[in-house]
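Visitor: Let's go through this one together, please. I'll ask, and you point.

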Amino acid sequence: MSEPMKVHARLAAPVETVRRALTDPAELRAWLAEHAEVELPQRYEFWGRHTPEGDAPHQRLLHADDDTLRFAWLLDGVETTAEFHLRADGPDATVLSLSQSHFDFAEAMSGSSIRGVLQTFWALSIANLAAHLEGRPLLPRVDFTSADLRGELLIDAPLPKVYESLTDSEQASAWFGYPIGIEPWVGGRYAMGGFETGYAAKVVDLEPGRKMSVDWGPTGVTTWELAESQGKTKLTFVQSGFDEQHPPYAAWAGSVAGLAELRRYHEVENWRPIWLAAEIPGLEPETADAAG
């Protein structure tokens, strides 16, 4: 079996506050799942339309203490393991480390198992946890019962600035946290990973200053559109043109998770992303080696 997927994020709240957000059922229902029930140290369950295979709770609590929460999660007939670990980063911040077993990137690309959504499901969930702790509106959560992939986000910044950050390669790479090459014209490339080595989708529609559509092939067409709203910018984003019997939930969750940092990029003074690179002081070497 491959090594567990690991991600690390710096959250703007002390450890006690983050732990409460991870273990209080009402808070879990605010940022993670439609339904949640927690009775430590016996029970930790969440389910509903925002949870993969969320028809019923499929979690089994394995361990809980002041800084670690670990549970088994049955997905597509396989019992996976998820673990949260919390570490104080000064008096008012926490480094959250998430480990998730049984994630296979090939399953994410092929859609052959619901486990393929785990990486981007957790990315969006942690982004929403950060928004919850910062008092910001949450991003749309994935509805795993629907093929209607659309949402809205309000950004406290002028429309031209938001448009520039969505179409300029350097800025988009910064807030998304991954190299993106963008040729902002119809027929231009939109390359995740950069122009040299990345996968190049195609820009199929563009209204300068307002709208762009990118064709990703089997996962469909992503379209975003900007509008002014009381001095702020409303960003509407839609995924369309895919097989509605197999919606691209993994790709959609990853795209929406990235928009959390787009908003913070414009709204947070001295912005830095919540996501941490491998070389973080205080992480155990085996954890740091797998971070990213």
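Visitor: Which residues point the other way from Met5, Val7, Ala9 and Leu11 in E1?
Guide: Helices and strands are DSSP runs numbered from the N terminus (helices: H or I, at least four residues; strands: E, at least two). Met5, Val7, Ala9 and Leu11 share one side of E1, and the residues on both sides are buried, that is, under 20% relative accessible area (exposed is over 50%, partly exposed in between; 1.4 Å probe, protein chains only). Seven of the seven residues of E1 are buried, so the rest of the structure largely encloses this strand. Pointing the other way are Lys6, His8 and Arg10.

Visitor: What pLDDT do local features need in this model?
Guide: Residues are numbered from 1 along each chain as its sequence is written, and side-chain values use heavy atoms, leaving out hydrogens and water. This is a predicted model, where totals for chains, interfaces and linings use all residues, side-chain atom pairs count only at pLDDT 80 or more, and local features need pLDDT of at least 70.

Visitor: Which strands stand at the edges of the five-stranded sheet?
Guide: That sheet is open, antiparallel in its pairing, and ordered E1-E7-E6-E5-E4; two strands pair if DSSP finds at least two bridges between them. An edge strand has a single partner, so one of its sides is left without a neighbour in the sheet. That applies to E1 (5-11) and E4 (59-64).

Visitor: Which residue is the bridge partner of Leu11 in E7?
Guide: E7 has antiparallel partners in both E1, over seven bridges, and E6 (78-88), again over seven bridges. On the E6 side, His85 stands opposite Ser97 of E7. On the E1 side, Leu11 is bridged to Thr94.

Visitor: What angle does H4 make with E1?
Guide: H4 (118-134) packs on this sheet, touching E1, E5, E6 and E7, where contact means heavy atoms within 4.5 Å. Axes are lines fitted to C-alpha atoms (for helices, over the stretch in contact), and angles between N-to-C directions run from 0 to 180 degrees. The direction of H4 makes an angle with that of E1 of about 10 degrees.

Visitor: How far apart are the end C-alpha atoms of H4?
Guide: The expected span of a helix is 1.5 Å times one less than its number of residues. With 17 residues, H4 should therefore span 24 Å. The model agrees, since the end C-alpha atoms are apart by 24 Å.

Visitor: How many of the 17 residues of H4 are buried?
Guide: After H4 comes Gly135, with a positive phi near 75 degrees. H4 itself is largely enclosed by the rest of the structure, because its buried residues number 13.

Visitor: Which residues have the most contacts inside the largest nonpolar core?
Guide: A nonpolar core is a set of buried Ala, Val, Leu, Ile, Met, Phe, Trp, Tyr and Cys residues joined through side-chain atoms within 4.5 Å. The largest has 75 residues. Beyond four places in sequence, Leu96 is in contact with residues including Val7, Val18, Phe84 and Ile126. The residues with the most contacts inside the core are Phe46, Leu96, Trp122 and Leu235.

Visitor: How many residues apart are Arg49 and Asp143?
Guide: These two form a salt bridge, with their closest N and O atoms 3.2 Å apart; the criterion is a side-chain nitrogen of Lys or Arg within 4 Å of a carboxyl oxygen of Asp or Glu. Arg49 is partly exposed at 36% relative accessible area, whereas Asp143, at 19%, counts as buried. Arg49 sits in the loop between E3 and E4 and Asp143 in the loop between H4 and E8, so distant parts of the chain are linked, and the residues are apart by 94.

Visitor: How many salt bridges are there in the whole structure?
Guide: Glu83 and Arg70 meet in one, at 2.8 Å from N to O, and Glu207 and Arg210 form another, at 2.6 Å. Glu134, Arg136, Glu261, Arg264 and Glu267 are linked in a network. The search of the whole structure finds 21.

Visitor: Which strands stand at the edges of the seven-stranded sheet?
Guide: This open sheet runs E8-E14-E13-E12-E11-E10-E9, with antiparallel pairing. Each edge strand has a single partner, so one side is left without a neighbour in the sheet; these strands are E8 and E9.

Visitor: Which residue is the bridge partner of Arg150 in E14?
Guide: E8 and E14 (232-240) pair in the antiparallel sense over seven bridges. Among these strands' residues, Arg150 has as its partner in E14 Val238.
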